[in-house]
Amino acid sequence: MTHQDTIVALATASGSGAIAVIRLSGNDAITIAESCFKSVTPNKLLGKQQTHTIHLGHIVEEERVFDEVLISVFKNPNSYTGEDVVEISCHGSLYIQQEIIQLFLRKGCRMANAGEFTLRAFLNGKLDLSQAEAVADLIASDNEASHQVAMQQMRGGFSSEIAKLREELLNFASLIELELDFAEEDVEFADRSQFKDLVERITFVLKRLIDSFAVGNVIKNGIPVAIVGEPNVGKSTLLNALLNEERAIVSEIAGTTRDTIEDEISIGGIGFRFIDTAGIRETKDVVESIGIKKTFEKIDQAQVVIYLFDADKFKAQSSTLKVELEKIKNKYPQKPLIVIANKIDKVDDISISKLQSEIPEIKLLSAKTGFGVDELTNSLLNLINTGALHNNETIVTNSRHYDALLKAFEEVQKVKYGLETGLSGDLLAIDIRQALYHFGEITGEITNDDLLGNIFANFCIGK
Ligand SMILES: Nc1nc2c(ncn2[C@@H]2O[C@H](COP(=O)(O)OP(=O)(O)OP(=O)(O)O)[C@@H](O)[C@H]2O)c(=O)[nH]1
Ligand SMILES: [Mg+2]
């Protein structure tokens, strides 16, 4: 597919900065840039310059000079999009950026759509679909783990693995379909035992990738951690201590937090999303009770629950506390629960040892002084299975890929069953074709406009 029109967009973040980069891509990118460029070297024409070269000069329109700029020239196919690309580094004032973009629009460029540069890169075979998607993830990555996963996927990640298996499966599909043409002769071109081996291998790889999604999802979206407990135990103070900023309002009045407050930070390279909730108690206050209902919804969504109580009130409330903890454990048996005695600065050593003997898993903390916060973040990190990450294994983070992998897995299981039960070649071929289809969806061998539209709409303009 070729694109006739030349697109333009700001590639750097909008707003003013030291430098801004404006990008052009398409058949006329170099001609259009040349028509607005006056090099400091007399009579230098951009069209005559080699690919991957940089040129100093001015952006001009007749007598008007817009800015002094550096222009980089990339000639097709050796560019990000695979087309002719020109990048103009101008001074980063909002006014200059807009004036230059307007100028290029007058000269015949069209404003690029979201993700259109990357879409063109995909359509021109510079990237496969999963790599193109990784570009968006890379731009969005804000911690070590999500960065590492996006980087790995952009460099080929599992799409090369999938492409290879698809190739082998395609071979078998062709052989089996060939057999159908020779049905009378009753021959077998496709070695069934080799085929079984392949199906086993594919099953293994798919299963590993599917399982990795749980980790991948967590890495991409941050691990939701709900902080719950009765009013006034110090939940908001703990949130602030974890985030290292005064994010939530703290007061001695019970019922201060009426809604949930969320914020994300990176701990040891993993994104955690902490959710401060309204304290749980019986109440007639309508607003507060809505907040409490929300607290339970947040526990549902959280992957980890931190239950906080006031160490100073332990003596008076130890029995209700234990009942409360049992309730949570019964309701969410799978969810890691971290139990914390807060305000430990207010109690003496005897009370502490009593606490520890009655609730052995207890962690001691003072949200106010910061005591125990590091230990808490360490135990959070320990909960998360990041083994896969550190072993450099491929991790699936994209729900579209996950979906396609699940479907491919289902089809491959049908093929496997078909092989075991001696299913006829024509029926086997149908299942194989289905599996191939889902493999192709991941890498982009099989696409449709809706799918592409969806994926690239999530990009920023200029990428
Ligand atoms: N001494 C001491 N006081 C604390 C500690 N943590 C919180 N507090 C105090 O406890 C009071 C309640 O703290 P908050 O963080 O607002 O409690 P909360 O659990 O968010 O309360 P609600 O939003 O009402 O449910 C405030 O006066 C805090 O300063 C601590 O570790 N030690
Ligand atoms: Mg609060």
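Which residue in β6 does Leu70 stand opposite? Keep that in mind as we walk through this predicted model, starting in the sheet that holds the answer.

**Stop 1: the seven-stranded sheet**

Select the strands β3, β4, β5, β6, β2, β1 and β7, in that order, and you will have an open sheet of seven strands with mixed pairing. Colour the two edges next: β3 (37–39) and β7 (110–111) each pair on one side only. As you look along the strands, remember that strands of a sheet pair through backbone hydrogen bonds, either parallel or antiparallel.

Now zoom in on β5 and β6, which pair in the antiparallel sense over five bridges. Show Leu70 and look across to β6: the residue opposite is Ser89, and that settles the opening question.

Stay with β6 and bring in its other neighbour. Strand β2 (residues 19–25) and strand β6 (residues 85–91) run antiparallel and are joined by seven bridges. For a landmark here, select Ser25, which has Val85 of β6 opposite.

**Stop 2: the β4–β5 hairpin and two loops**

Move to β4 and β5, an antiparallel pair with nine bridges. To find your place in this pair, pick His58, whose bridge partner in β5 is Glu68. Then follow the chain to the turn: this hairpin has two residues between its strands, and Glu62 in the turn has a positive phi of about 50°.

Which residue in the loop between β3 and β4 (53–61) should you select next? Choose His52, which sits in that loop and has a positive phi of about 60° although it is not a glycine.

From there, go to the loop between β5 (64–74) and β6, where you will find Pro77. Display the backbone from Asn76 to Pro77: this peptide bond is cis, and its omega is near 0°.

**Stop 3: the six-stranded sheet**

Time to switch to the other sheet on our route. Select β9, β10, β8, β11, β12 and β13; taken in that order, these six strands form an open sheet, and here too the pairing is mixed. Its edge strands are β9 and β13 (363–364), each of which pairs on one side only.

Begin at the β9 edge. Strand β9 (residues 261–267) runs antiparallel to strand β10 (residues 270–276), with seven bridges between them. Show Glu264 and its bridge partner in β10, Arg273. The hairpin of β9 and β10 has two residues between the strands, and Gly268 takes a positive phi near 55° there.

For a parallel pair, select strand β11 (residues 304–310) and strand β12 (residues 337–342), which are joined by six bridges. Asp310 is a good one to click on here: its bridge partner in β12 is Asn342. With side chains switched on, bear in mind that in a regular strand they alternate between the two faces of the sheet.

**Stop 4: ligand 1 and its surroundings**

Finish at ligand 1, which sits in the largest pocket. Which residues come nearest to ligand 1? Of the 23 residues around the ligand, they are Thr237, Gly255, Thr256, Thr257 and Asp345.

Colour the shell by residue class and you should see six nonpolar, 11 polar and six charged residues. Then highlight helix α8 (residues 235–243), which supplies the largest share of the shell, three residues.

Next, turn on the backbone atoms and look at three contacts with oxygen atoms of the ligand. At Ala367, a backbone N or O atom lies 3.0 Å from a ligand oxygen. At Ser251, a backbone N or O atom is 3.2 Å from an oxygen atom of ligand 1. At Val233, a polar backbone atom is 3.3 Å from an oxygen atom of the ligand. Finally, show the surface: ligand 1 on its own has 650 Å² of accessible area, and the protein covers 92% of it.

Methods:
Residues are numbered from 1 along each chain as its sequence is written. Chains are lettered from A and ligands numbered from 1 in the order in which they are written. This is a predicted model: local features need pLDDT of at least 70, side-chain atom pairs count only at pLDDT 80 or more; totals for chains, interfaces and linings use all residues. Side-chain values use heavy atoms; hydrogens and water are left out. A residue is near a molecule or strand if one of its heavy atoms lies within 4 Å of it. A polar contact is a pair of N or O atoms within 3.5 Å; within protein, one must be able to donate a hydrogen and the other to accept it, and residues adjacent in sequence count only if both atoms are side-chain atoms. Accessible areas come from the Shrake-Rupley method with a 1.4 Å probe; for residues, only the protein chains shown count as cover. On a 1 Å grid over the protein atoms alone, a cavity is a set of points where a 1.4 Å probe fits but cannot get out, and a pocket is an open set with protein on both sides within 12 Å along at least five of seven lines; lining residues have an atom within 4 Å of a point. A molecule sits in a cavity or pocket if more than half of its atoms lie within 2 Å of its grid points. Helices (H or I, at least four residues) and strands (E, at least two) are DSSP runs, numbered from the N terminus. Ala, Val, Leu, Ile, Met, Phe, Trp, Tyr, Cys and Pro count as nonpolar, Asp, Glu, Lys and Arg as charged, and the others, Gly among them, as polar. Two strands pair if DSSP finds at least two bridges between them.
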